[in-house]
Amino acid sequence: HEELKSFPEGFLWGASTSAYQVEGAWNEDGKGPSVIDMAKYPEGTSDFKVASDHYHRYKEDVALFAEMGLKAYRFSVAWTRIFPQGTGEINQKGIAFYDSLINELLEHNIEPIVTIYHFDLPYALQQKGGWLNRETIDAYVNYAKTLFTYFGNKVKYWLTINEQNMMILHGSNIGVFDKNIQNQRKELFQQNHNMFVAQAKVIKMCHEMCPNAKIGPAPNISSIYPASCKPEDVLAANNFSSIRNWLYLDIPVFGRYNSVAWSYMEEKSYTPTVQDDDMEIIASGKPDFIAFNYYRTTTVTKNEYDNYLADSRDEQPLDTAESGVYTVSSNPHLEKTQFNWEIDPVGFRVTLRELNERYNLPLLVTENGLGALDRLEDGDVINDDYRIEYLRKHIEQARLAITDGVQLIGYCPWSAIDLVSTHEGFSKHYGFIYVNRDESDLKDLRRIKKKSFYWYKKTIASNGEIF
Ligand code: BG6
């Protein structure tokens with residue numbers, strides 16, 4: 001391209017976190033336990049009790065975000081700070097914390113982008129069946145209503161549910177880590193349906209209660225490649241696109257189940273029970289934009305292991321394989337991170353185009369980033385050139401996608417500051433700001449600006465010029 005379009009005016013250059021991964025203070029000021037707090041973690045891996053201690057240091061953190069030049073900060077509210085048992089009495093100390101965080105952001109001219117629910121379901125609700133129980137729908141709606149009541153006049157961007165598709169595709173791996181609690185696939189798709197109903201109700205309510213705000217879903221979306229041009233592989237990729245990606249966006253945007261995903265569920269006897277008004281409710285909650293998280297593409301083949309998989313079907317998470325439908329394989333053309341994640345900036349452009357063509361809505365990138373074993377060097381220096389490289393290449397591709405006509409409104413990489421990874425502990429660093437602790441030794445938790453901090457600051461200041 002000779003004439004690259006610029007990032008649009010008011011572009012939301014941001015960065016992201018989630019409550020349980022960054023806050024700590026897991027049982028302070030009336031907070032109740034979430035599924036995350038009650039889960040068991042592999043030996044030697046950090047839990048989430050202290051995390052990055054952001055709950056106590058948020059003012060210092062926001063000042064650093066402002067110094068970096070962030071225009072937006074995407075974070076989540078811990079449901080159990082507002083309703084310790086998921087429902088019931090509001091915990092005013094929880095409201096006070098987020099009120100103060102939001103005020104702090106606004107004073108620094110940073111737009112808050114708030115995720116209502118990011119994996120940390122209240123444990124009290126989980127004990128009553130979690131998302132299998134339709135009372136959880138009401139609890140979520142009531143919780144969201146409370147957020148809109150208190151913060152609806154200050155927050156302009158809301159996200160309903162973070163990575164609903166990953167919660168379903170990973171089964172027990174996200175949320176409840178206890179490997180003994182393995183959801184059967186049929187149950188997973190019922191939970192999925194109940195979340196869709198809950199999400200639609202909340203989108204509709206947001207439009208009624210906060211007419212100046214915008215709201216959207218935040219799944220993990222990435223293009224699916226066939227491992228070869230064998231038509232069977234292409235079909236497998238097409239299957240997985242529907243089951244992994246489009247199912248989660250056709251529901252909110254078009255108000256209907258993706259037909260390939262639905263026929264797959266029928267074939268496997270996984271179809272959820274859909275109550276009388278459910279589809280009407282679903283069709284009534286249309287998002288204003290699509291937020292999505294992108295880390296890497298996925299490559300699939302036709303399933304070669306039918307017999308083997310038929311025996312162990314319910315033990316495989318759906319992001320690995322589904323008998324006769326797809327098997328996830330690897331892409332020999334891509335390099336990998338230290339944690340074995342393929343790196344695919346061009347795939348980011350492809351994903352942006354696909355979303356644009358399919359849904360024709362503004363897009364907001366709510367996660368993208370590189371997990372690495374960062375090293376603190378003498379003189380408080382972290383030379384994370386690999387992270388700069390990863391982000392630069394993705395920003396370049398985002399700009400090409402904008403030139404292609406994609407309506408991209410913001411880019412919020414993961415993560416604003418170091419935090420605990422979902423299941424790989426604290427040594428898997430993502431942040432622009434280093435937090436001085438390791439898996440078990442909390443050290444002094446002090447904040448140190450990484451090389452990528454200075455680089456991102458320059459990138460934002462120049463509205464995405466490439467350095
Ligand atoms: C996304 C989640 O799946 O990816 C985040 O929304 C998560 O919560 C991020 O931290 C990176 O994944 P991980 O497993 O490396 O922490």
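**Briefing: a sheet, a helix pair and a ligand shell**

Strand β6 and strand β8 (residues 298–301) run parallel and are joined by 3 bridges. One thing to keep in mind: this is a predicted model. From that strand pair we can work outwards to the rest of the sheet, then look at a helix pair and the ligand surroundings.

**The sheet**
- Within the β6/β8 pairing, Ile 224 has Thr 298 of β8 as its bridge partner.
- The sheet is an open one of 4 strands, ordered β6-β8-β10-β9, and its pairing is mixed.
- The edge positions go to β6 (224–226) and β9 (321–322); each has a single partner strand, so one side of each is left without a neighbour in the sheet.
- Helix α10 (residues 231–254) lies across β6, β8 and β10 (326–329), and runs at about 165° to β6.

**The α15/α16 pair**
- Helix α15 (residues 385–403) packs against helix α16 (residues 451–461) at an angle of about 25°, and their axes are 8 Å apart.
- With angles under 35 degrees counting as roughly parallel, α15 is roughly parallel to α16.
- The two helices, α15 and α16, cross in a right-handed sense.
- On the α15 side, the contact is made by Asp 385, Arg 387, Ile 388 and Ile 395, while α16 brings Lys 451, Ser 452, Trp 455 and Thr 459.
- Sorted by class, the α15 contact with α16 has 3 nonpolar, 2 polar and 3 charged residues.

**Around the ligand**
- There are 15 residues around the ligand, and those that come nearest are Ser 18, Glu 163, Gly 371, Ser 421 and Thr 422.
- By class, the shell around the ligand splits into 9 polar, 4 charged and 2 nonpolar residues.

Terms used. Residues are numbered from 1 along each chain as its sequence is written. This is a predicted model: local features need pLDDT of at least 70, side-chain atom pairs count only at pLDDT 80 or more; totals for chains, interfaces and linings use all residues. A residue is near a molecule or strand if its C-beta atom, placed from the backbone, lies within 6 Å of it. Ala, Val, Leu, Ile, Met, Phe, Trp, Tyr, Cys and Pro count as nonpolar, Asp, Glu, Lys and Arg as charged, and the others, Gly among them, as polar. Axes are lines fitted to C-alpha atoms, for helices over the stretch in contact, and angles run from 0 to 180 degrees between N-to-C directions. Angles under 35 degrees count as roughly parallel, over 145 as roughly antiparallel, 65 to 115 as roughly perpendicular and the rest as oblique. A crossing is left-handed if the near helix is turned anticlockwise from the far one by less than a right angle, and right-handed if clockwise. Two residues are in contact if their C-beta atoms, placed from the backbone, lie within 7 Å. Two strands pair if DSSP finds at least two bridges between them.
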